[in-house]
Every structure is written in structure tokens, then in C-alpha cells.
Amino acid sequence: MTMNTHARRRPGRRAAFAAGLVLAVGLGVVTQAAAQAAVPAPAKASAKASAALRSVNGFNGDVVTQVADFYGAYIDAKDDAAGPDTALSKALRAHYLTPALAKKLAAWEKKNQADGVLRAQNVPAQWTVSEGRNGLEVVVTLTYGGGESPTTTTRLVVTQEPTGHITDIRTTSGAPVKASAKAAAAVRSISGTTGDSVTQVADFYGAYVDAKDAPAGPDTALSKALRAHYLTPALAKKLAAWEKKNQADGVLRAQNVPVQWTVSEGRNSREVAVTLTYGGGESPTVTTDLVAELEPVSGDVNDIRTTSAR
């Protein structure tokens, strides 16, 4: 899963905190990360190894990122092993959709007996969010079936207002216009696979940053719903104690929100690496590297630990 170069839509609340204190610490150990203008480059891997590494990059305030955050987390809520997570899906719709669109989708769903966000009664096996014709439109491609089942594809056009709320979701039957290899490489996109560990951790962090950086102020209802869905109860309790002691967010290990992040494969199937970058522009850059450890049966996050801060 990949994302190419980006353009930000809005600065969000992070502009007010760009020079704020970043706490990059492990549970129980408090250290303050020293801000540096130049971040050491990571060790270079071979081209073959880099190509094999599954990862997703997100950028705070970017249109493609935000729609991918919504669709990824929404699919996770609908596909929960214990049954659909109604609280999370409602919180996501309340955060990302305008009230007018929410009302429109509710009417459509009543008539068609299907989910208006996904335009289906089930969940897709794969999805891709790509740039649209203009800066406030993105194309969402949902692929259903696979394996022994026939594959069907639904293509949607999602329109946003400048503040980031989704104002329209409509089905488009036309196939995407074929472009040259150079033009195709320039199109920004994010792809996810339902049930994949890297996808799910990226969905969590992306939607969590959106909740914390909402223009009207932190969306507490969404951040709580996300934590309840993705974190084990034991980790949720552990993070709450850490936050009370350190006066910072335990998921982000900071008092502010990152400007960009990368989620990629870890050392084994139960670990996912998360890199959060704070600051940028006129502010010094601080990078925090985390490891999210997954519970083997449910796939929930049962530990988040800091590996480095620079």
C-alpha cells in the first residue's frame, strides 16, 4: 500500500502547536525529544527489499489521506470479528460527513437496504483512494469478492468542502481514463486490504490524527470510539495511566499532532512500525518511531512502545 507526493488542504489545529512540546517516551519512562532541523536519513535498503515492504504514508490535512482514513476505519468498523462496531461507524460518519449528506445517505439506505458509504450490503476485500479531477474530489475504488467468489468493483467520487467534510458520495460507472506511465506515477493514491495488519494500524492512526486535529477542536467522541475499537482493554487502561502521569497523548506520544506519518511492516507478523513526524516548515522537525504490537487472535493493538526519538 503506497502513497505518492502530496498537497495539503488545510493547516488544521497543528499550526498552533507546531513548536509545542513533543513527548516521545516509552510507558513509564519520560524523556523529552530534542528538536532537530535536520533528521538523520534512515539506513538504505536494497531496491528489492524496499519494494517488498508494505507501507502507507499519510499527510495531515491532505484530501486523499483524509478520505482514505475515513474509508479504511469505516470498513474496519463494519468488518469487526465480533460484529459491526456501530459506535465507531456512527462516530466516523458524524466526523467526516456533513449533516446534509448524512441525511441523504440515511434516506438512500432505507430505500436500498444497503450501506450508503460503501454502496453495498457487505464490505470490500480491497480499496483504493486516488486523486480526482480537482483538489476537492477523490476517487474511491472498492473491490468485492475474490478467491472463489466473483470479483466486482464499485467506483465512487467523493467530494469535500474546504474544511474537509464530505459533501457528496456518488457512484460513477465510467472506467478511469488511461494515462501514460509518467502521469500514472504522479497520481497520489492509498490502497488497503481488509483484515491486513498494516492497513488496520494505518486506518487507526490516520483517523485518530484527524479526530485530534479537527478544525472545531478535538473530536473526543471519535477518538474514544477509535481507541475502544482498535486497542485491547488492557492497553487502553495502561495508556490512560501513562497520559495522566505525562499530560500527553499515549497513542501519539505527544501533546500535539504529527504533520505526517508512515505505517509499515515490523520485524514479524505481530508488529507494525509507526513513524510520526512533528513540526516542519519554520519549526524544527522531531521524529518518533513506535512499534504497535498486535494481539494474535483478534488483531487488536495490545502494546505501543517507543523505539527512538530524534
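Start by selecting W127 and G192: W127 stands opposite G192, which sits in β6. What you have open is a predicted model, so treat this as a walk around a prediction.

**The sheet around β2**

Now widen the selection to residues 126-131, which is strand β2, and 189-193, which is strand β6. These two strands pair in the antiparallel sense, with five bridges between them.

Next, add residues 137-146. That's strand β3, and it runs antiparallel to β2, joined to it by six bridges. For one pairing to click on, pick Q126: its bridge partner in β3 is T143. Follow the chain from β2 to β3 and you'll trace a hairpin with five residues between the two strands.

Keep going and colour residues 149-160, strand β4. β4 pairs with β5 in the antiparallel sense over five bridges. Here the pair to pick is L156 and T171, with T171 being the partner in β5.

Which order do the strands take across this open sheet? Reading across, you get β5-β4-β3-β2-β6, five strands with antiparallel pairing. The edges are β5 and β6; each has a single partner strand, so one side of each is left without a neighbour in the sheet. Turn the view to look along the strands: on average, neighbouring ones are turned by 20° against each other, direction ignored. While you have side chains switched on, a general point helps: in a regular strand they alternate between the two faces of the sheet.

**The helix lying across it**

Select residues 63-78, helix α3. This helix lies across β2, β3, β4, β5 and β6, and runs at about 165° to β2.

Zoom in on A73, which lies in α3. Is A73 buried or exposed? A73 counts as buried because its relative accessibility is 0%, and the cut-off for buried is under 20%. Show what surrounds A73: leaving aside neighbours within four places in sequence, the contacts are L88, L92, D203, A207, L226 and Y230. Then try a distance label between the C-alpha atoms of A73 and Y205. You should read 9.5 Å, though the two residues are 132 apart along the chain.

**Next door: α4**

L88 and L92, two of those A73 contacts, are also among the buried residues of α4. Select residues 86-96 to see this helix; its buried residues are L88, S89, A91, L92, R93, H95 and Y96. What do they pack against? The answer is α3, α5 (99-112), β5 (166-171), α7 and α8.

**A hollow to look for**

Switch to a surface or cavity view. Two cavities of 30 Å³ or more turn up in a search of the whole structure. The largest holds about 90 Å³ of space. It is lined by 12 residues, and those closest to its centre are V56, A68, D69, I190 and A202. Three elements give two or more residues to this lining: β1, α3 (63-78) and α7 (197-212).

**The other sheet**

β1 is your way into another open sheet, ordered β1-β7-β8-β9-β10, with five strands and antiparallel pairing. Select 55-59 for β1 and 301-309 for β10: these are the edge strands, each pairing on one side only. Neighbouring strands here are turned by 20° against each other on average, direction ignored.

Add residues 283-294, strand β9, to see the antiparallel pairing with β10, made through seven bridges. One pair worth clicking is V291 with R305, where R305 is the partner in β10.

**A stop at T232**

Find T232 in the loop between α8 (220-230) and α9 (233-246). T232 sits in a loop, yet it counts as buried because its relative accessibility is 12%, and buried means under 20%. Beyond residues up to four places away in sequence, T232 touches E295, D300, V301 and N302.

**Zoom out**

Finally, show the whole chain as a cartoon. There are nine helices and 10 strands to find. Of the 310 residues, 47% are buried. Among contacts between residues at least 6 apart in sequence, 60% join residues at least 24 apart. With the surface on, you're looking at about 14900 Å² of accessible area, 55% of which belongs to carbon and sulfur atoms.

Key: Residues are numbered from 1 along each chain as its sequence is written. This is a predicted model: local features need pLDDT of at least 70, side-chain atom pairs count only at pLDDT 80 or more; totals for chains, interfaces and linings use all residues. Side-chain values use heavy atoms; hydrogens and water are left out. Two strands pair if DSSP finds at least two bridges between them. Helices (H or I, at least four residues) and strands (E, at least two) are DSSP runs, numbered from the N terminus. Axes are lines fitted to C-alpha atoms, for helices over the stretch in contact, and angles run from 0 to 180 degrees between N-to-C directions. Buried means under 20% relative accessible area, exposed over 50%, partly exposed in between (1.4 Å probe, protein chains only). Contact means heavy atoms within 4.5 Å. Accessible areas come from the Shrake-Rupley method with a 1.4 Å probe; for residues, only the protein chains shown count as cover. On a 1 Å grid over the protein atoms alone, a cavity is a set of points where a 1.4 Å probe fits but cannot get out, and a pocket is an open set with protein on both sides within 12 Å along at least five of seven lines; lining residues have an atom within 4 Å of a point. Grid points are joined across faces, edges and corners, and a volume is the space filled by probe spheres set on the points.
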